[in-house]
Amino acid sequence: MSRTRLVHQALCYGSDDEFLDGTLTFVLDGLDAGDTVLAVVASHNIGLLGEALGERSDEVEFVDADDWYGSPSRTLGRYNDYCAAHDTDETGRRRRVRVIGEPVWSDRTAFEVQEWMRYESLLNIAFAGTGHWILCPYDTRALPVGIIRSAVRTHPELALGPRQSAYCGRYLDPADFYAECDTTRPPVLPAGRDDVPFTRGRSAHVRRAVSAYARALGVPEPLTHDMVSAVHEAVVNSVRHGGGRGVLRLRSDSDHVICEISDTGTATASPPPPPPFPGHLPPDPRAANGHGMWVVRQLSDLATETLDPSGSVVRLYFRRSAAL
């Protein structure tokens, strides 16, 4: 049966044979149909699938998942860029992109795991208007039960074997899953003596404060530049939409450098509702607005937001393992 709309499936496998049962025919069917095939999987699975494909492995682009799944928003951005670059053939005719995408769950904090679950749900929105096919393997031998359970809530279908699938009865609408994730976000940071107030026209002061804080922690220059740029963009958004003033709080723990931007809100009687999934979905490059939070998320490892007319809070996280 031909599938013309987005297909997003979870493949829960408990052995090497089950992994190949779920992926080999998927790849071969795609190659025979003229699809672009990208396999972003664990290094062990690159070897398994490449050997099973034999000479046809040269027709597939393989990427080690550890090199691709750095942060949720940047990973979604990479997939978006890849699909945009490969969804037409040499004649300009539209073609499907097939992706085997195996997220990396090891060495993640509980908060990071939750944000990767959110990412899996958001794929259903980000690629809803395409005919691409995304297959996400989950290794039941290694992953906690909670992560496996999340797969049936973030994927509309389960892949059961060669050309076999079933709809997930527990699949949750991405808007509902997003709201559920927001109920467990960390609390707002308490005030501190080193907080940096900002107002309109004080963005240079904020940039200097972030740079000095990062330098004191020994953050490498490239990551410091990303931190400064992300905070600057968030502050500009806050000034523009949040009443013109706010506070930057800089903190660090064993896992992350944290930058929190809060504002005083506006007095508008009938404020517009906040946009859905703010900054998570690639903006229209032709649009004049709507790029700010996307840029912020692309520069950060993680970002959370509470957008409210009475006062908004955006918190940015930068992994210390990458910084120090």
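The residues that line the second largest cavity divide into six nonpolar, one polar and no charged; here Ala, Val, Leu, Ile, Met, Phe, Trp, Tyr, Cys and Pro count as nonpolar, Asp, Glu, Lys and Arg as charged, and the others, Gly among them, as polar. They are Tyr79, Cys83, Val99, Leu123, Phe127, His132 and Ile134. A cavity is a set of points on a 1 Å grid over the protein atoms alone where a 1.4 Å probe fits but cannot get out, and lining residues have an atom within 4 Å of a point.

This is a predicted model: local features need pLDDT of at least 70, side-chain atom pairs count only at pLDDT 80 or more, and totals for chains, interfaces and linings use all residues. Residues are numbered from 1 along each chain as its sequence is written, and side-chain values use heavy atoms, with hydrogens and water left out.

Now to the salt bridges, each a side-chain nitrogen of Lys or Arg within 4 Å of a carboxyl oxygen of Asp or Glu. The whole structure has 18 of them, including these:

| Pair | Closest N to O |
|---|---|
| Arg94 and Asp87 | 3.2 Å |
| Arg319 and Glu112 | 2.5 Å |
| Arg249 and Asp195 | 2.8 Å |

Arg249 and Asp195 are joined with Arg251, Glu260 and Arg315 into one network by salt bridges that share partners. Arg249 has 14% relative accessibility and counts as buried, which means under 20% relative accessible area, with exposed over 50% and partly exposed in between (1.4 Å probe, protein chains only). Asp195 is buried too, at 16%. In the first pair of the table, Arg94 is exposed at 60%, whereas Asp87 is buried at 9%.

Terms used:
On a 1 Å grid over the protein atoms alone, a cavity is a set of points where a 1.4 Å probe fits but cannot get out, and a pocket is an open set with protein on both sides within 12 Å along at least five of seven lines; lining residues have an atom within 4 Å of a point.
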